[in-house]
Amino acid sequence: MRIADVLSNKGAAVATIAPETTVSQLLASLSALNIGAMVVVGPDGLAGIVSERDVVRELHKRGGGLLGQPVSEIMTTVLATCTPRDTVDHLVVLMTQNRVRHVPVLDDGRLAGIVSIGDVVKTRMEELETEQQRLQDYITQGG
């Protein structure tokens with residue numbers, strides 16, 4: 001299965017945030033949208049990604065003063081990305097090697113979506129259910 005298939009099932013909407021947005025505003029958005037990360041987009045395009053995990057790590061280091069700081073101070077700027085043409089298997093390897101849970105999808109340099117580890121798990125579960133149904137149908141039909 002390709003990333004394009006995952007996006008067609010879940011949708012290509014991407015929650016984005018500006019680099020100057022405060023960490024407090026970021027947390028409010030993550031909570032309101034019930035998501036774990038947002039793509040940071042600046043005037044020149046994709047600038048990074050910021051996740052709950054980034055906030056927790058930096059809060060531990062800096063304390064509560066971090067909440068008034070811009071997300072540009074804590075975002076990840078070296079991104080693992082994929083394309084709609086990549087396979088889910090490739091994405092699993094990418095996520096594992098880079099220890100990330102959210103991967104922006106770029107199509108010819110344009111932000112085309114985002115895939116989370118939850119999306120990968122859901123896709124795998126659907127594939128397993130489909131395969132199980134095929135096997136059951138095969139057995140029921142007598143081979």
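# Close-up views of a predicted model

**View 1. The β4–β5 hairpin and its turn.** In this predicted model, strands β4 and β5 make a hairpin with 2 residues between them, and aspartate 108 in the turn has a positive phi of about 55°. The two strands run antiparallel, with β4 spanning residues 102–107 and β5 spanning residues 110–116. How many bridges join β4 to β5? There are 6 bridges between these strands. To find your way along the ladder, start with aspartate 107, which stands opposite arginine 110 in β5. Another pair to look for is valine 105 with its bridge partner in β5, glycine 113.

**View 2. Aspartate 108, at the hairpin turn.** Here we stay with the loop between β4 and β5, where aspartate 108 is found. Its phi is near 55°, a positive value in a residue other than glycine. That is worth a second look, because most residues other than glycine have a negative phi. Is aspartate 108 buried or exposed? With a relative accessible area of 75%, aspartate 108 is exposed, since the cut-off for that label is over 50%.

**View 3. Arginine 99, ahead of β4.** Arginine 99 sits in the loop between α4 (88–98) and β4. This residue, too, is not a glycine and has a positive phi, near 50°. The relative accessible area of arginine 99 is 70%, so this residue is exposed. If you have just come from the hairpin turn, you can set this loop beside that of aspartate 108, which is found between β4 and β5.

**View 4. Strand β5 and serine 116.** Which strand holds serine 116? Serine 116 belongs to β5, a strand largely enclosed by the rest of the structure because 5 of its 7 residues are buried. Serine 116 itself counts as buried, at 17% relative accessibility; the label applies because the value is under 20%. Setting aside residues up to four places away in sequence, serine 116 touches Met95, Arg101 and His102. Of the places named in these views, α4 covers residues 88–98 and β4 covers residues 102–107, which should help you locate those contacts.

**View 5. The open sheet of β1, β2 and β3.** Now we turn to another part of the fold, where 3 strands form an open sheet in the order β1-β2-β3, with mixed pairing. Which strands are at the edges? The edge strands are β1 (16–17) and β3 (45–51), each pairing on one side only. Strand β2, residues 37–42, pairs with β1 in the parallel sense over 2 bridges. A handy landmark is isoleucine 17, which stands opposite valine 40 in β2.

**View 6. Glutamate 58 in helix α3.** Helix α3 takes in residues 52–62, and glutamate 58 is found there. Is glutamate 58 buried or exposed? Glutamate 58 counts as buried, at 14% relative accessibility. Leaving aside its neighbours within four places in sequence, glutamate 58 is in contact with Gly63, Leu66 and Ile74.

**View 7. Asparagine 9 and aspartate 119.** Asparagine 9 lies in helix α1, which covers residues 3–10. This asparagine is exposed, and its relative accessible area is 52%. Follow the chain to aspartate 119 and you will have travelled 110 residues in sequence from asparagine 9, yet the two C-alpha atoms are 9.5 Å apart in space.

**View 8. Stepping back to the whole chain.** To place the close-ups, it helps to read the chain from the N terminus, where the elements run α-β-α-β-β-α-α-β-β-α. Altogether, the chain has 5 helices and 5 strands. Its radius of gyration is 18 Å, well over the 15 Å that the globule rule gives for 143 residues, so the chain is more spread out than a compact globule. Along the principal axes, the C-alpha atoms fill a box of roughly 65 × 30 × 30 Å. Buried residues account for 31% of the 143 residues. Among contacts between residues at least 6 apart in sequence, 55% join residues at least 24 apart. The chain exposes about 8,600 Å², with carbon and sulfur atoms supplying 51% of that area. As for charge, there are 13 positive and 17 negative charges, and their mean positions are 5 Å apart.

Terms used
Residues are numbered from 1 along each chain as its sequence is written. This is a predicted model: local features need pLDDT of at least 70, side-chain atom pairs count only at pLDDT 80 or more; totals for chains, interfaces and linings use all residues. Side-chain values use heavy atoms; hydrogens and water are left out. Two strands pair if DSSP finds at least two bridges between them. Helices (H or I, at least four residues) and strands (E, at least two) are DSSP runs, numbered from the N terminus. The radius of gyration is taken over C-alpha atoms; the globule rule is 2.2 Å times the number of residues to the power 0.38. Buried means under 20% relative accessible area, exposed over 50%, partly exposed in between (1.4 Å probe, protein chains only). Contact means heavy atoms within 4.5 Å. Accessible areas come from the Shrake-Rupley method with a 1.4 Å probe; for residues, only the protein chains shown count as cover. Lys and Arg count as positive and Asp and Glu as negative; His and the chain ends are not counted. The place of a charge is taken as NZ of Lys, CZ of Arg, CG of Asp or CD of Glu.
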